[in-house]
Amino acid sequence: MSDDRFIERDRMRFTRNTLSANLVLLAILFDVFYFINIYKSDVGHNVGNFYYQMRIGVSIITNLVFLLAAFLSSEGIKNYKVSYAYLLLGLGALQIVRIFILPLQALNSEVVIGGVTYHVMETAQFVRVTIYLILSALGCLSAAVIGIRKSRELNEHLASIGQAA
C-alpha cells in the first residue's frame, strides 16, 4: 500500500463520513418535498374524502418514522457504524415501496363532485412525488453503500495497525 493511501485511510480515524451523512440529509429533504406535495391543503379542487381515511394516517406515521430513522442513521453513518448503513438500505427500499401505495392509489382513483369526475391525483403530481421518493431512496441507498465501503475500509485499516474497531 502506498504511503498516500495509508495516510488517507488513517485520516478516517479522525474524520467523519460526511458524504454519507449529507446524502441522508438530502434524502430527508426530498421526503419533505414529497410530504408537502401530498399533504398540502391547496389541491386545486376538492377530492372528496380520499385523503381523510385510515391510509393517510398510516402514511403520515410512516413518513414520521422514516424521517426519524433517517436522521438517526445520518448521525450513525457519520461515525462509520455499519449497522446504520443496513438501516439505510431498508429505508431506501421503503421509499421505493411507498410509490406503489398512496401515490399510485391516488392516481388510479376518481371522485365525483357535483356531477364532475376528478382524478384524486393528476399525472403531473404523480410524476413529481414519484421523483421525490426515488431521489430520497437513492440518497439512502447511496449513503448506505458508501457507508458500508468506508466502514469496512476503516475496520481493515484498524486491524492492520493493531487497533480494535
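The legends below describe close-up views of glutamate 153 and its salt-bridge partners in a predicted model.

**View 1. Surroundings of glutamate 153 in helix α6.** Helix α6 covers residues 123-160, and glutamate 153 is part of it. The relative accessible area of glutamate 153 is 11%. Because buried means under 20%, glutamate 153 is classed as buried. Leaving aside residues up to four places away in sequence, glutamate 153 is in contact with Arg5, Arg9 and Met12.

**View 2. Salt bridge between arginine 5 and glutamate 153.** The two side chains meet with an N to O distance of 2.1 Å. This pair links distant parts of the chain, with arginine 5 in helix α1 (residues 3-11) and glutamate 153 in helix α6. The two residues are 148 residues apart. Arginine 5 has a relative accessible area of 31% and is partly exposed, whereas glutamate 153 is buried.

**View 3. Salt bridge between arginine 9 and glutamate 156.** In this pair the closest N and O atoms are 3.6 Å apart. Arginine 9 belongs to helix α1 and glutamate 156 to helix α6, so the salt bridge ties together parts of the chain that are 147 residues apart in sequence. Arginine 9 is buried, its relative accessible area being 10%. Arginine 9 is also one of the residues that glutamate 153 touches.

**View 4. Salt bridge between arginine 149 and glutamate 153 within helix α6.** The side chains meet at 3.3 Å, N to O. Both residues lie in helix α6, and their separation of four residues is about one turn of the helix. Arginine 149 is partly exposed, with 47% relative accessibility; glutamate 153, at 11%, is buried.

**View 5. The network of salt bridges around glutamate 153.** Salt bridges with shared partners join Arg5, Glu8, Arg9, Arg149, Glu153 and Glu156 into one network. Glutamate 153 is a shared partner here: its side chain meets that of arginine 5 and that of arginine 149. The network also includes Arg9 and Glu156, which form a salt bridge with each other. Among the members of the network, arginine 9 is buried at 10% relative accessible area, and arginine 5 is partly exposed at 31%. A search of the whole structure finds eight salt bridges.

Technical notes. Residues numbered from 1 in each chain as written. Predicted model: local features only at pLDDT ≥ 70, side-chain atom pairs only at ≥ 80, totals over all residues. Heavy atoms only, no water. Buried < 20%, exposed > 50% of the residue type's maximum accessible area, 1.4 Å probe, protein only. Contact = heavy atoms within 4.5 Å. Salt bridge = Lys/Arg side-chain N within 4 Å of Asp/Glu carboxyl O.
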